[in-house]
Every structure is written in structure tokens, then in C-alpha cells.
Amino acid sequence: MKSSTAIVASLFGIAAAFAPTNTGSAGQTTTSLNNDLWGAPSDGDKEMSKSLPFAARPKLLDGTMAGDAGFDPFGLAGADKASLLYMREAEIKHCRLAMLAVIGWPLAELFDKPIASAIGQPSALTASGASPSVLNGGLDRIDIEYWVAVVALAGFVELENQKQIEEKGNKYIQGDCGFDPLGFFPSDKQGQLEMQTKELKHGRLAMMAILGFVVQEALYRTPVVAETPFFFKPIF
């Protein structure tokens, strides 16, 4: 809860920083800044971004891609469709890693010690009971075999992803690694778009959540499961 006030304040600060003004020279400066960040709308195209209604919609973000709400304030999508698809591929991979991490992080803090004690192994958590990370420390306790397995798994996934790209060509969908053992991915285009949007929304939320875990533990030196126990432990 201690971090929530700071987060809300920062969000208001960001919104205020991008808010347009109505004065002459200041308004021209704001318009120029918006055009630099989001791209000036083409002739006759005055459509505004759904996520940032005070700014013009980026040209590449026309709403046809899953999860597209016209949000790209820093122009990270690139200048052409190839760059946009490359960044979408990267976003999906980060989303999936974040969804795994946001589950694994608190589970480690809850169950690492009892499991390690039961099998006679030392706990990998820090002295405060937090998950090991770059900011928390404790990564030196992780066995080298674990890192080798992680790199090997990542390499296998990338190879399978490249295989799908080569096999499907223009029909390839970003993030397709040929992995759907339970058949969740629909066969119709509308269903596919909806499923992709759900994955992206969950992944974006997970990226924000894992960032919150990292920052909160770095600032307060308290495990997230202890800082906000009502999210991770029974209330009774």
C-alpha cells in the first residue's frame, strides 16, 4: 500500500506532462511535440488515438492488430510495417515471460523455504525472504545447471518459432511457436483476434505487475507476499 500513492501520483504527473494547452505559441509547440512523438496525421485523417485522445493516432496503428489502441507515445513501433511486426513479436515474448514471472515470483517466496527444508537443501531466497533478483541479490545462490537449462529452453523455443515463420510465410501470426497442446487457439479469424487480444492484455498487466514487485522489494526490502499479504495468503 505504501507504493500505491507514489504510483498514482506518477500517473497524474505523466498525464499532466502530455496535456495540451490552448495558448498560441504553447499550442504550436505542443502540436509539434505530438507530431514528433505520434506522427502527424495524413491529409484528411484526423482520427485520434483511443488510448491518448488528445493525440493523433499513429499511422501504423490502424486498429487491425490485436490489442491495438493507438498507444505508442515514443514511436517504438518503428517507421514501417516490418518494424511494427518485429516489435509485436518482442512484446508477445516479453508478455509471456512476465506472466510466468509474476506467478513464479510470489510462489517462490511462499514455498521455497518449506520445500527446500523438506528435501534438505538451502533456501534460494534472500535474508529478508525475497525472491533473488538483480536488485535483491541472491542470484549467486542459483546453480549453474538452472541457467544452462533456461538458456537451452529459450534456444529451443526460438528455433521452433523460426521454424513456424519459415513454414507459414505470410500466414504466420506473431508469437506462434507451434505450442497449443490444449487447442485454445480458435480456428476462425475473429476468435483468433480476440484470443490474441486477451493474451496481450494479460501480458501487459503482468509486465506492470512484475515491475511493481521489483521496485517495491528494492525500495522497502520486504517480500511482496509480506507487503501485501491479502493478495497472496488466505484472509481467514
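Me: Why is aspartate 176 called buried?
Reply: Aspartate 176 has a relative accessible area of 18%, and buried means under 20%, with exposed set at over 50% and partly exposed in between, using a 1.4 Å probe and protein chains only. The value of 18% therefore places aspartate 176 in the buried class. This is a predicted model, in which local features need pLDDT of at least 70 and side-chain atom pairs count only at pLDDT 80 or more, while totals for chains, interfaces and linings use all residues. Residues are numbered from 1 along each chain as its sequence is written, and side-chain values use heavy atoms, with hydrogens and water left out.

Me: What makes lysine 168 and aspartate 176 a salt bridge?
Reply: The closest N and O atoms of lysine 168 and aspartate 176 are 2.5 Å apart, and a salt bridge is a side-chain nitrogen of Lys or Arg within 4 Å of a carboxyl oxygen of Asp or Glu, so the pair qualifies. Lysine 168 itself is partly exposed, because its relative accessibility is 36%. By this rule the count comes to six salt bridges. Side chains of opposite charge can pair when their charged atoms come close.

Me: How do you know that arginine 204 and glutamate 91 form a salt bridge, and where in the chain do the two residues lie?
Reply: Their closest N and O atoms are 2.6 Å apart, which satisfies the cut-off for a salt bridge. The pair links distant parts of the chain, with arginine 204 in helix H5 (residues 189-220) and glutamate 91 in helix H3, 113 residues apart. Arginine 204 counts as partly exposed, because its relative accessibility is 28%.

Me: What does the salt bridge between arginine 57 and glutamate 47 tie together, and why is arginine 57 called buried but glutamate 47 partly exposed?
Reply: The closest N and O atoms of arginine 57 and glutamate 47 are 3.2 Å apart. Both residues lie in the loop between helix H2 (24-38) and H3, so the salt bridge ties together parts that are ten residues apart in sequence. Arginine 57 is buried because its relative accessible area is 12%, whereas glutamate 47 is partly exposed because its value is 41%.

Me: How do you know that the length of H3 agrees with the expected span?
Reply: The expected span of a helix is 1.5 Å times one less than its number of residues. The 38 residues of H3 should therefore span 56 Å, and the end C-alpha atoms are 53 Å apart, which agrees. Helix H4, with 25 residues, reaches 36 Å from its first C-alpha to its last, close to the 36 Å expected. Helices here are DSSP runs (H or I, at least four residues; strands are E, at least two), numbered from the N terminus, and the protein chain has seven helices and zero strands.

Me: Where does H3 bend, and which elements cover its buried residues?
Reply: H3 bends by about 50° at phenylalanine 111, and proline 114 follows within four residues; the bend is the angle between axes fitted to the seven residues ending there and the seven starting there. Buried residues of H3 include Leu84, Arg88, Ile92, Trp105 and Ala116, and what covers the buried residues of H3 includes H4, H5, helix H6 (224-227) and helix H7 (229-232). Just after H3, glycine 120 takes a positive phi of about 70°.

Me: Why is methionine 65 called buried, and which residues does it touch?
Reply: Methionine 65, which lies in the loop between H2 and H3, is buried because its relative accessible area is 16%. Leaving aside residues up to four places away in sequence, methionine 65 touches Leu84, Leu85, Arg88 and Leu193, where contact means heavy atoms within 4.5 Å. The C-alpha atoms of methionine 65 and arginine 88 are separated by 9.3 Å, although the two residues are 23 residues apart along the chain.

Me: Why does valine 134 count as exposed, and what surface patch does it help to make?
Reply: Valine 134 has 73% relative accessibility and therefore counts as exposed. Valine 134 lies in the loop between H3 and H4, and a nonpolar surface patch of about 770 Å² is made by residues including Val134, Leu135, Trp147 and Val150. Patches are made of residues with over 30% relative accessible area and no salt bridge, with nonpolar side chains (Val, Leu, Ile, Met, Phe, Trp, Tyr) joined within 5 Å and like charges within 9 Å.

Notes. Areas by Shrake-Rupley, 256 points an atom, 1.4 Å probe, with all protein chains shown as cover.
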